[in-house]
Amino acid sequence: MGNKKVPAITVIVPIYNASRDVEKCVDALKRQHFVDYEVIIIDDGSSDDSYEKCKRLINDDLRFKIIRQENRGAGGARNRGIEEAQSDFLCFVDVDDFVDEDYLRNFFLQIEQREVDLVMQSYQMVSSKEKKLKKLKDREYHVPNDFDAFFTDVEILGFCAPFCKLFRRSVLREMEFFFNTFATCGEDYDFFLRYLACCKVVLCNSAVSYYYKIHSESLSRRRHAFVTEWNSFLVFYETSTNFSQKYNVPHLILQMNNNIAYFIVARLWPSLYGGGLSRLERKTAFYRITEEQVKIVNDFYTSTNVVEKVLLFLWKHRLFGIFDSFMIIIKRVMNR
């Protein structure tokens with residue numbers, strides 16, 4: 001027997017307790033117009049019937065395989081998929097999202113006749129209330145020389161997720177590690193910046209063939225205990241700072257500061273009051289934030305109401321006692 005032909009693209013699909021979504025996801029991948037691909041499904045320790053259901057759906061389709069592992073989180077599942085992939089190019093699909101028939105073909109058209117390290121597609125955000133298009137310009141960037149233009153055109157927080165991107169395996173191998181499994185939020189941001197630092201050519205495409213579902217269980221909307229959020233913040237902050245210092249990209253620095261400010265106010269503050277920390281533990285955590293980071297919050301976070309204005313004032317002047325009492329009152333009101 002001859003050697004098995006290596007497919008052009010590997011699709012990696014992490015799943016965890018995704019029984020209700022796997023059928024739609026697998027069916028969408030089976031209907032792709034582009035056919036030279038493999039799909040690797042990583043069952044990340046599901047406790048429902050996700051694994052068995054996937055096995056039935058895949059049946060005898062040799063393009064698909066499923067691997068079961070102990071729970072390592074989304075980053076750990078994606079890392080396993082990268083390690084198992086055979087293709088020169090890899091992309092990711094989240095099991096609860098939806099792709100149309102041209103998802104893979106749109107990627108292949110971009111790499112067929114040129115050397116590209118990263119292809120980024122536009123996508124549509126879908127919720128029960130609205131649809132929002134996240135659109136990219138059709139443009140090629142040669143990095144790092146074009147980093148300022150890239151970050152002028154691309155809002156990093158809206159485009160750092162691994163979906164809607166085609167990665168080159170040889171570039172991935174240049175990275176020190178793939179997804180950081182110590183960060184439960186912000187790991188996409190960290191991975192994306194570190195991958196960009198290894199690239200030479202990035203191609204953005206206006207085509208829309210991916211539909212990102214927003215719901216209450218989306219990872220980006222979950223809140224964790226303070227220690228977990230804090231460790232994720234440190235990864236987020238260090239990667240942003242290192243990248244911006246190395247490349248001195250003004251538009252990235254502006255985005256970075258806005259994102260850091262948002263992370264602290266929208267994630268770290270609430271986590272202080274959601275994990276049963278004692279007052280002393282909250283005080284210690286409050287003062288962990290450096291003066292530089294406090295300044296970033298005050299300079300770059302735009303308050304949306306009077307309550308936030310008061311909290312930002314207390315934060316700026318490091319008035320923990322009043323800040324703490326105010327946050328406890330807010331939590332009680334919200335939990336009624």
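## Salt bridges, cavities and a surface patch

Asp36 is partly exposed, because its relative accessible area is 27%, which falls between the limits of 20% for buried and 50% for exposed. The model described here is a predicted one, and Asp36 is a useful place to begin reading its salt bridges. Asp36 forms a salt bridge with Lys5, in which the closest N and O atoms are 3.0 Å apart. This pair links distant parts of the chain, since Asp36 sits in the loop between α1 (22-30) and β2 (37-44), whereas Lys5 belongs to the segment before β1 (9-15), 31 residues apart. Lys5, with a relative accessible area of 59%, is exposed.

The structure holds 20 salt bridges, and among them are two that involve the side chain of Arg168, one with Glu115 and one with Asp117. Arg168 lies in strand β9 (residues 165-168) and Glu115 in the loop between α4 (103-111) and β6 (118-126), so this bridge ties together parts that are 53 residues apart in sequence. Asp117 is also placed in the loop between α4 and β6, and its pairing with Arg168 in strand β9 links parts of the chain that are 51 residues apart. As for burial, Arg168 has a relative accessibility of 14% and therefore counts as buried, and Asp117 is buried as well. Glu115, by contrast, counts as exposed because its relative accessibility is 63%.

The three pairs described so far are set out below.

| Salt bridge | N to O distance | Separation in sequence |
|---|---|---|
| Asp36 and Lys5 | 3.0 Å | 31 residues |
| Arg168 and Glu115 | 3.4 Å | 53 residues |
| Arg168 and Asp117 | 3.4 Å | 51 residues |

Elsewhere in the chain, Lys65, Arg80 and Glu84 are linked in a network of salt bridges.

Turning to the interior, the count comes to two cavities of 30 Å³ or more. The largest cavity has a volume of about 40 Å³, and its lining is made up of Phe226, Leu268, Trp269, Leu272, Ala285, Phe286, Ile289 and Trp315. Two helices, α10 (250-272) and α11 (279-286), each supply at least two residues of this lining, and the largest share, three residues, comes from α10. By class, the lining of the largest cavity consists of eight nonpolar residues, with no polar and no charged ones.

The second largest cavity has a volume of about 30 Å³, and the residues that line it are Gln121, Tyr123, Gly158, Phe159, Cys160, Ala161, Phe163, Cys164 and Lys165. The elements that give two or more residues to this lining are β6 and α6 (156-159). Its lining has six nonpolar, two polar and one charged residues, while the lining of the largest cavity has no polar and no charged residues.

On the outside of the model, Phe313, Leu319 and Ile322 make a nonpolar surface patch of about 280 Å². Leu319 lies in the loop between α13 (306-316) and α14 (320-334), and with a relative accessibility of 34% Leu319 counts as partly exposed. Why can Leu319 meet the accessibility condition for a patch although it counts only as partly exposed? The reason is that patch residues need over 30% relative accessible area, and the 34% of Leu319 satisfies that condition because 34% lies above the cut-off.

Technical notes:
Residues numbered from 1 in each chain as written. Predicted model: local features only at pLDDT ≥ 70, side-chain atom pairs only at ≥ 80, totals over all residues. Heavy atoms only, no water. Patch = residues over 30% accessible without salt bridge, like charges linked within 9 Å, V, L, I, M, F, W, Y side chains within 5 Å. Areas by Shrake-Rupley, 256 points an atom, 1.4 Å probe, with all protein chains shown as cover. Salt bridge = Lys/Arg side-chain N within 4 Å of Asp/Glu carboxyl O. Helix = DSSP H or I, 4+ residues; strand = E, 2+ residues; numbered from the N terminus. Buried < 20%, exposed > 50% of the residue type's maximum accessible area, 1.4 Å probe, protein only. 1 Å grid on protein atoms, 1.4 Å probe; cavity = no way out; pocket = protein on both sides within 12 Å on 5 of 7 lines; lining within 4 Å. Points joined across faces, edges and corners; volume = space filled by probe spheres on them. Nonpolar A, V, L, I, M, F, W, Y, C, P; charged D, E, K, R; others polar.
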